[in-house]
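Biologist: Please take a close look at one part of this protein. I would like to know where it sits in the fold and what lies around it.

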Amino acid sequence: MKKFFHEFKEFAMRGNVLDMAIGVVIGAAFGKITTSLVNDIIMPLIGLITGGIDLTQWNIVLNRAAVAAGDAAPVMLGIGNLLAVILDFIIVAFAMFLLVKAMNKLAALKKKDEEPAPEEPAGPTTEELLAEIRDLLKEQK
C-alpha cells in the first residue's frame, strides 16, 4: 500500500499533472467570469433591445392546459437559460481560440529563430582543385 501512495505522489507531482490542475482551476474561474458577463451584462442588454423581455426567464410551458385547470405543476423548457449557456460557451470558445492562436504564433516565432541558417553549397575540395590543375597542365603540354 505504501508503494501505491508513493507511485501516486510521483504521478501527481509530475509537471503535466500540475499544469493541468492549474488550467482546470483557472478555467473554472474564467467560466464564472463569462457566466457573470452573460447573465449580468449581455442578457440585460438583449432584454433592453427586445423591449424589456428577460430572456433568462423565457420558458415554453408544455402542459399549459393541465396548469390552467390546476391539475399539474408546469413543465417548462428553459429556452432563455439555454440561450445564455450557449452564449457563455461561445465566449469561452472564442477566448480559447485566441489563446491557442497566440500560442501557435509564439511557437512559430520560436521555431523560426531556432532554424539553422541554410548552408552554402560546398565548393570543390582541395584534392579536386589540384586534380583539375594537373589535368589542365597535361592538356597544355
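Modeller: Read from the N terminus, the elements of the protein follow the order α-α-β-α-β-α-α. That gives five helices and two strands, where helices are DSSP runs of H or I with at least four residues, strands are runs of E with at least two, and numbering starts at the N terminus. The radius of gyration is 34 Å, well over the 14 Å that the globule rule gives for 141 residues, so the protein is more spread out than a compact globule. (The radius is taken over C-alpha atoms, and the rule is 2.2 Å times the number of residues to the power 0.38.)

The model is predicted, with local features needing pLDDT of at least 70 and side-chain atom pairs 80 or more, while totals for chains, interfaces and linings use all residues. Residues are numbered from 1 along each chain as its sequence is written, and side-chain values use heavy atoms, without hydrogens or water.

The C-alpha atoms fill a box of roughly 125 × 55 × 25 Å along the principal axes. Of the 141 residues, 6% are buried (under 20% relative accessible area; exposed is over 50%, partly exposed in between, with a 1.4 Å probe and protein chains only).

The part to look at is threonine 34, which belongs to helix α2, residues 15–49. Threonine 34 counts as buried because its relative accessible area is 2%. Leaving aside residues up to four places away in sequence, threonine 34 touches Asp88, Ile91 and Val92; contact here means heavy atoms within 4.5 Å.

These partners lead to helix α4, which covers residues 79–114. Helix α4 has 36 residues and reaches 52 Å from its first C-alpha to its last, close to the 52 Å expected (1.5 Å times one less than the number of residues). Asp88, one of the residues that threonine 34 touches, is buried in α4, as are Gly80 and Ala84.

Isoleucine 33 also has its place in helix α2. Isoleucine 33 counts as exposed because its relative accessible area is 54%. In sequence, isoleucine 33 and leucine 87 are 54 residues apart, and their C-alpha atoms are 13 Å apart in space.

In helix α4 you will also find isoleucine 90. At 46% relative accessibility, isoleucine 90 is partly exposed. Its C-alpha atom lies 14 Å from that of glycine 27, although 63 residues separate isoleucine 90 and glycine 27 in sequence.

Now set those pairs beside one at the end of the chain. Lysine 141 is placed in the segment after α5, the helix of residues 126–140. Lysine 141 counts as exposed because its relative accessibility is 87%. Lysine 141 and phenylalanine 94 are 47 residues apart along the chain, and 80 Å separates their C-alpha atoms.

Across the protein, take the contacts between residues at least 6 apart in sequence: 42% of them join residues at least 24 apart. To find threonine 34 on the model, start at helix α2 and look for its contacts Asp88, Ile91 and Val92.
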